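Visitor: I would like to learn how to read helix packing. Where should we start?

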Amino acid sequence: MQSFIDQSVSFIENHQAWAGLVVGLLAFGESLVLVGILLPGTTVLIIVGGLVGAGIVQPLPVLLAAMIGAALGDTVSYFLGRWLGRGVVHKWPLRRYRREVARARLFFHRYGFAAVFVGRFFGPVRATVPLVAGMMGMHRRRFQIANILSAIIWAPAVLSPGWLVAKGAGSIPELDVTSFFGIAAIAAIAAIIVAVIVLKLRGKRQPSRAS
């Protein structure tokens, strides 16, 4: 795993023109069923955030690629679930991960739409909730709304720790006004959405319908 992380970061640092593509593929794999369980994509993306903060990598291509890759990964997993059906958990290779799928299924059964959104931010269910949503017949439009919105928030959230470390607390006041308000807007939107989701989850008492 460490070798993969080192090689990925080194490639991005030395081939900056390919940074967007590599980040998109990492975000795609991180969200793809089974692959996301094994791939240390989040670690690489956090380090890439540091490269962005250091001015080595351009931020916009990386940010957009992370959003698109994450949304596509969940979409593929969702349609695999719809196509293969509930019996897929008893077949290779998913039968080796029945516990993970069962956990995601319980999470989805209880929270429905919110599970798809929140699931992207939690490692144990990130790569399995979209598959379960497809297996359980969640409506495509509802799934894609949760999928795309969560991808838009997840991308800056996963890149920001490395970015902040690279910038350092002392350099934050040196940012221009546009950068400052951009960061503030992202933080505000993320805080509002997380607050709404937490309130919704706490307020639920009965399992909701998935579709």
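Guide: Start with a single helix, and keep in mind that this is a predicted model. Compare a helix's end-to-end span with the expected one. Here α10 has 28 residues and reaches 40 Å from its first C-alpha to its last, close to the 40 Å expected at 1.5 Å a residue.

Visitor: Where in α10 does a kink lie?

Guide: Look at S160. The kink there is about 40°, and the proline P161 follows shortly after.

Visitor: Now for pairs. At what angle do α4 and α10 pack?

Guide: Read the angle and the axis distance together. Helix α4, residues 41-53, packs on helix α10, residues 140-167, at about 50°. Their axes are 6 Å apart. That angle makes α4 oblique to α10. The crossing of the two is right-handed.

Visitor: Which residues of α4 and α10 meet?

Guide: Read one side, then the other. From α4 come T42, L45, I46, V48, G49, G50, V52 and G53. They meet W154, V158, L159, P161, G162, W163, A166 and K167 of α10. By class, this contact has 10 nonpolar, 5 polar and 1 charged residues. P161, the proline shortly after the kink at S160, is one of the α10 residues in this contact.

Visitor: Why do residues three or four places apart point the same way in an α-helix?

Guide: An α-helix has 3.6 residues a turn, so residues at that spacing share a direction. Try it on the next pair.

Visitor: How does α2 pass α4, in a left-handed or a right-handed crossing?

Guide: Left-handed. Helix α2, residues 19-31, packs with α4 at about 145°, and the axes are 9 Å apart. V23, L26 and E30 of α2 make the contact with G41, T42, V44, L45 and V48 of α4. The classes are 5 nonpolar, 2 polar and 1 charged. T42, L45 and V48 of α4 are among the residues that touch α2, and these three are also listed in the contact with α10.

Visitor: And how are α1 and α2 arranged?

Guide: The axes of helix α1, residues 2-14, and α2 come within 9 Å and cross at roughly 150°. That makes α1 roughly antiparallel to α2. F4, F11 and I12 of α1 meet A19, V22, V23 and L26 of α2.

Visitor: What classes of residue make up the contact of α1 with α2?

Guide: The count is 7 nonpolar, with no polar and no charged residues.

How values were computed: Residues numbered from 1 in each chain as written. Predicted model: local features only at pLDDT ≥ 70, side-chain atom pairs only at ≥ 80, totals over all residues. Heavy atoms only, no water. Axes fitted to C-alpha atoms, helices over the stretch in contact; angles between N-to-C directions. Helix = DSSP H or I, 4+ residues; strand = E, 2+ residues; numbered from the N terminus. Parallel < 35°, antiparallel > 145°, perpendicular 65-115°, else oblique. Left-handed = near helix turned anticlockwise from the far one by under 90°. Contact = heavy atoms within 4.5 Å. Nonpolar A, V, L, I, M, F, W, Y, C, P; charged D, E, K, R; others polar. Expected span 1.5 Å × (residues − 1). Bend = angle between axes of the 7 residues up to and from the residue.
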